[in-house]
Amino acid sequence: MLECGRMNTAAHRLRAGWKGLRRFVTQGMVDPLPARHALKGYTWGMAGRDLKAATDVALVGLPQGMAFAAMAGLDSIYGIMAATVGTFVAPLFTRCSLTVSGPSNATAFMLASFFLAASPLIQQQPAVFVPLIVFLAGVLCVIGAFVKATEMLQFVSRSVLVGYITGAATLIIASQLRYVMGINDVYAGSSFFSMTMAIFRNLDMVQWQPIVLGALSFLLFIPLRRHFRCLPTFAVILVVMSALNWVLSQPWAGGTFAGVRMLRDFTFSDLTLRAPEITALPGNLAEIFPIVIGIAFLSTLEQTVMSKTISAKTGEPLNLNQDTFAVGMANIASSFTTSLPCSASLTRSALNYNSGAATRFSGVYCGLICLGITFVLAGFPLISRIPHSVLAALVLANAVSLFDRKLLRICYRSTPGDAVVLVLTFLAALMLPLHFAIFVGVVISVSLFLRKAAKPELVEYTIDGEGTLMKLGDKADRLPQVSIVHVEGDLFFGAADLFRKQVARIAEDPSLAVVVLRMRNARNLDATSVCALEELIKFIREKGRHIIISGASREVYRILRKSGVLALLQEGCAKGESNIYLVEPRNPNMSTRRALMRAQQLLGGSKADISIYTTRTSEPA
């Protein structure tokens, strides 16, 4: 019978665990294909608005993709395919319908920093390892959507993002400046300092022709971006400067620009769909796993930031797990081509919204338009007409625009902790591969937060003979029999031990008989805090004193019951007695009144002096 009872108990716990897991997964459920709902009521008028917006975005997206591919040190086709496949696939799965996915500067340069520091085997085979990295990052995003890992992104502070983006922009400038100067095919390392030294070591290779083309491109970028926002800036500059270079390369114009380095064309064979080479994974997993984690993290972060931005304008309800699922599916689909990692784009998403897009199908149309242009570029040698220094100058101009002086000032001056996170993340981005640098910033930010949150301070109050609440002075004046300790905030693992020690120190007072823990505002109990509470109960009882909990929420009660600590707390209670009182929403102070009545009962009915402990940041009511 005993064995049968144990089996039933184990089966019950398994069923309860399965129900809890299923409840966790089904909350914020991921829709496998939300685009099917958008077909209902779709009109020709909506299609016209979507097509116009898609054309505007495509004219910006393709040149941007080429620039981001150059930023990653890869051929243009990688950025073009990301702007095609990623833009087409993501809207089919996303919740925020007007975000536009595709290549981004942050993920592109994270990939570049990885290849600069990678082993020769990986460096020599980008066609094998880029699709593999993109595929694995997409799989991680899909898994993260189902386990709701997106919710963890709230712990990434703005100081981390600003420091990371500023450091990445500085690296972009250092990496692309040598191409503007005509210093090609030299090893420059993977850090800002090695790239800068490579330029100084090879000043004898500087050519004036690329510098002229790059400077003109940069100067043309500024007025176009500032005064002609309706124009596709990247496309206009590429066309104008390529035409200028062609003219100056002709014999009748002197031919002085004939030796300028050009981009490489791609053909239809580069557009062939290929499955990622999973067979290359086992021997290289340890090296590529960090970059996979970094790209999945950054892609999800960019997607959620853009979803929040666009949803605030459109009024659509948010489902960040759905958007994470969308970016994962976009990366998985892109991995079957030669493509950069995909995530939501600030520039293209804002343009899509401002161009009057009506539904998610604007992104689908944009992908189809980009595909048509890609086939044209594969059939005609147009990419090889673009000077490398022109594209590098556009990357430089885009990097300069990433420096946000307002955000830098806010993050640097707000608090010392924000300043530390900003500076250390920036320095990490200059010295480490970017997929490590962003996690350095996250770890520092979370560590500083936990350090502040794990230092509860208690201030003692007492009630005088007239019933007035007053703050105590010297400890020698304190002679309470019943102490009320207000537990406020998150009782997570970092604060649990300090909380236990402070309450235990209070309980050591020889005049104290009963400790009442008021847990109305206690949140997020975990295993560590429950263990600390169990040790506290045992310590107080070893001192010959009593402990009562008042104002506990149903969640706190459930955790204490399931962990077994409730049974320990209730030891010694006769029928009808209790050492825990739940909060009553209509009368929040009733639980404390009942706890004090219980304390009077434990004291034998004698009148007790009462003191109250609370945090410095909140005044007692």
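I looked up the second largest pocket and got a volume of about 1200 Å³. I note that the model is predicted.

I then asked which residues sit closest to the centre of that pocket. Of the 48 lining residues, A72, G73, L74, D75 and P126 are the closest to the centre.

Next I checked which helices feed the lining. α3 (44-71), α4 (76-89), α5 (105-117), α7 (126-146), α8 (158-180) and α16 each give at least two residues to the lining of the second largest pocket. I sorted this lining by class: 27 nonpolar, 13 polar and 8 charged residues.

I turned to α5 and α7, both on that list. Their axes come within 12 Å and cross at roughly 135°. That angle makes α5 oblique to α7, because only angles over 145 degrees count as roughly antiparallel and 65 to 115 as roughly perpendicular. I logged the crossing of α5 and α7 as right-handed. From α5, the contact uses L111, F114 and F115; from α7, P126, F129, V130 and I133. P126 is also among the residues closest to the pocket centre. I split the α5 and α7 contact by class and found 7 nonpolar, no polar and no charged residues.

Last, I followed α16, another helix of the pocket lining, to its packing with α11. Helix α11 (residues 233-249) and helix α16 (residues 388-400) have axes 10 Å apart, at an angle of about 150°. So α11 is roughly antiparallel to α16. I logged this crossing of α11 and α16 as right-handed. F234, I237, L238 and M241 of α11 meet V390, L391, L394 and N398 of α16. By class I have 7 nonpolar, 1 polar and no charged residues in the contact of α11 with α16.

Note on methods. Residues are numbered from 1 along each chain as its sequence is written. This is a predicted model: local features need pLDDT of at least 70, side-chain atom pairs count only at pLDDT 80 or more; totals for chains, interfaces and linings use all residues. Side-chain values use heavy atoms; hydrogens and water are left out. Axes are lines fitted to C-alpha atoms, for helices over the stretch in contact, and angles run from 0 to 180 degrees between N-to-C directions. Helices (H or I, at least four residues) and strands (E, at least two) are DSSP runs, numbered from the N terminus. Angles under 35 degrees count as roughly parallel, over 145 as roughly antiparallel, 65 to 115 as roughly perpendicular and the rest as oblique. A crossing is left-handed if the near helix is turned anticlockwise from the far one by less than a right angle, and right-handed if clockwise. Contact means heavy atoms within 4.5 Å. Ala, Val, Leu, Ile, Met, Phe, Trp, Tyr, Cys and Pro count as nonpolar, Asp, Glu, Lys and Arg as charged, and the others, Gly among them, as polar. On a 1 Å grid over the protein atoms alone, a cavity is a set of points where a 1.4 Å probe fits but cannot get out, and a pocket is an open set with protein on both sides within 12 Å along at least five of seven lines; lining residues have an atom within 4 Å of a point. Grid points are joined across faces, edges and corners, and a volume is the space filled by probe spheres set on the points.
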